[in-house]
Amino acid sequence: MENPKTFICISNYFKGADFLIHLKNLGNKVYLVTSEKLRNSPWPKEHIDEIFYMEGQDIEWNLEHLLLGVGNLMKSTKIDAIVALDDYDVEKATYLRENLRIDGMGQTTGRYFRDKLAMRMRAKSCGISIPAFCSLFNDHDINTFADTIPAPWVLKPRSEASANGIIKVYDKESLWIHINEMGNNRFKYLLEQFKPGDVYHCDSLILDRKILFSLTSKYLATPMEISQGGGVFRSATIPYDSEDDKAIKAVNEQVLKGFGLKHGAAHTEFIKCKEDGKIYFLETSSRVGGAHIAEMVAEASNINLWKEWAAIEDSLVKETKYTLPKIKKEYAGIVLTLSKFQHPDLSSFSDPEVCFRVPLDYHAGLIVKSNKQERVLELLNTYADRFGNDFTAIVAQNKVSNLH
């Protein structure tokens, strides 16, 4: 193909195969930087020009070594774009872009999509509804929060992904016990009022600050519930153009515009509070949603988020026009659990609505689709009970001792 460009893709996690494949199919040179521990993962190597492996923890690379490596590559190769495929890679990509003066999201904007405290401060400044929150910098501020904001509260790591590391707290004494256990690392957390309600996610594609595509789904079992107590994860698309769909998409647009995401993919979460019925912003990310949400979105809409994100990145560096494929409006849902079996036998789940089987070891997972949302929900609820009885492996949440 004409006008090939060179991309560096960064991922500390095995994901984004469709992104890498499509980027290469569009005629580009594709480099991947990933963790040494992922050397034997089934990356689509025939679509990757070269893979570079970083030593150390999968999320904590030596950024100076990363910069030196990419800088050395640039001596002989012009780099046109750097793409972070996972939450934990956003800082790495922004660090490289800033130092090497490569176009794309910089470190300040990057914080709005990684640092949960920065997210909340930015949302507040944009007039977006959020639960009451407090940093853990100042003792007086913490005590004032605890004395004026009704419990329960949650302590959240500022830079963890999804619901990892969240601690639910019910009283001031317990709050200070947890904070004191954190020691000098407490600044890496924030304190937030817990809002009971239904949690939604909106998955989007953005180009030139405009949302080209978004799909709203509802967690039937939230990531926080799963991380705290284990069990079966479920999510499903909600009725199109419903009141909740319109309200969440409106706030989603506020968030993505206010936070300054110019292009790419975004996964943003909201809660509809049971107490007042309002939509509150929870968190966002400049990536495709995990837990096979991308496959669920594709089954419902005909939009492969990974593939279209790659096409958007390609159009930007080549200065060509991007056209979104035709969207369909069906319903899909996912049911997923950690399995006590390496290769769980899902052959008994033979309903015609089953359209995808999660291929990961020690996971049991299915995606179903239908033109009726009621049928999707019926299957997810039935399957969740069966998964819980036959496959689910309960893994206790680690005590917060190794703070990132």
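Select D115 and R158 to start: their side chains meet in a salt bridge, 2.6 Å from N to O. A salt bridge here is a side-chain nitrogen of Lys or Arg within 4 Å of a carboxyl oxygen of Asp or Glu. The pair links distant parts of the chain, with D115 in the loop between α4 (107-112) and α5 (116-125) and R158 in the loop between β6 (153-157) and β7 (167-169), 43 residues apart. Helices (H or I, at least four residues) and strands (E, at least two) are DSSP runs, numbered from the N terminus. D115 and R158 are both buried; buried means under 20% relative accessible area, exposed over 50%, and partly exposed in between (1.4 Å probe, protein chains only).

This is a predicted model, in which local features need pLDDT of at least 70 and side-chain atom pairs count only at pLDDT 80 or more, while totals for chains, interfaces and linings use all residues. Residues are numbered from 1 along each chain as its sequence is written, and side-chain values use heavy atoms, with hydrogens and water left out.

**Colour by confidence**

Colour the chain by pLDDT, the predictor's confidence in each residue, from 0 to 100. The mean pLDDT of the protein is 93, and 93% of its residues reach 70 or more. Next select residues 397-404, where the pLDDT is below 50; beyond near neighbours in sequence, this stretch has 16 contacts in the model. Contact means heavy atoms within 4.5 Å.

**The four-stranded sheet**

Select β1 to β4. They form an open sheet in the order β3-β2-β1-β4, with parallel pairing. Two strands pair if DSSP finds at least two bridges between them. β3 and β4 (81-84) stand at the edges with a single partner strand each, so one side of each has no neighbour in the sheet. On average, neighbouring strands of this sheet are turned by 20° against each other, direction ignored. The axes are lines fitted to C-alpha atoms, for helices over the stretch in contact, and angles run from 0 to 180 degrees between N-to-C directions.

Zoom in on β1 (residues 6-11), which pairs with β4 in the parallel sense over four bridges. C9 stands opposite V83 in β4. Now add helix α11 (residues 305-318), which packs on the sheet, touches β1 and β4, and makes about 160° with the direction of β4. Add helix α2 (residues 63-74) as well: this helix lies across β1, β2 and β3, running at about 155° to β3.

Then go to H47, in the loop between β2 (29-35) and β3 (50-54). Is H47 buried or exposed? H47 is buried, because its relative accessible area is 16%. Show its contacts: leaving out residues up to four places away in sequence, H47 touches L20, I21, K24, N25 and V30.

**The eight-stranded sheet**

Move to the other open sheet, which has eight strands in the order β13-β12-β9-β10-β11-β14-β16-β15, with antiparallel pairing. Its edge strands are β13 (279-285) and β15 (354-357), each pairing on one side only. Neighbouring strands here are turned by 25° against each other on average, direction ignored.

Select β14 (residues 331-338) and β16 (residues 363-370), which pair in the antiparallel sense over eight bridges. T337 stands opposite A364 in β16.

For a residue in β12 (residues 264-273), pick G264. G264 counts as buried because its relative accessibility is 1%. Not counting residues up to four places away in sequence, G264 touches S204, L205, I206, W309 and I312. Measure from G264 to N12: the C-alpha atoms are separated by 19 Å, with the residues 252 apart along the chain.

**More salt bridges**

The structure holds 25 salt bridges. Select K329 and D241, whose closest N and O atoms are 3.9 Å apart. K329 lies in the loop between α11 and β14 and D241 in the loop between β11 (233-237) and α9 (243-259), so the pair ties together parts 88 residues apart in sequence. K329 is exposed at a relative accessible area of 54%, and D241 is partly exposed at 48%.

Next take K369 and E299, whose side chains meet in a salt bridge (3.2 Å, N to O). K369 is in strand β16 and E299 in helix α10 (residues 293-301), 70 residues apart. K369 counts as partly exposed at 27% relative accessibility, whereas E299 counts as buried at 17%.

Finish with D351, E353, R375 and E378, which are joined into one network by salt bridges that share partners.
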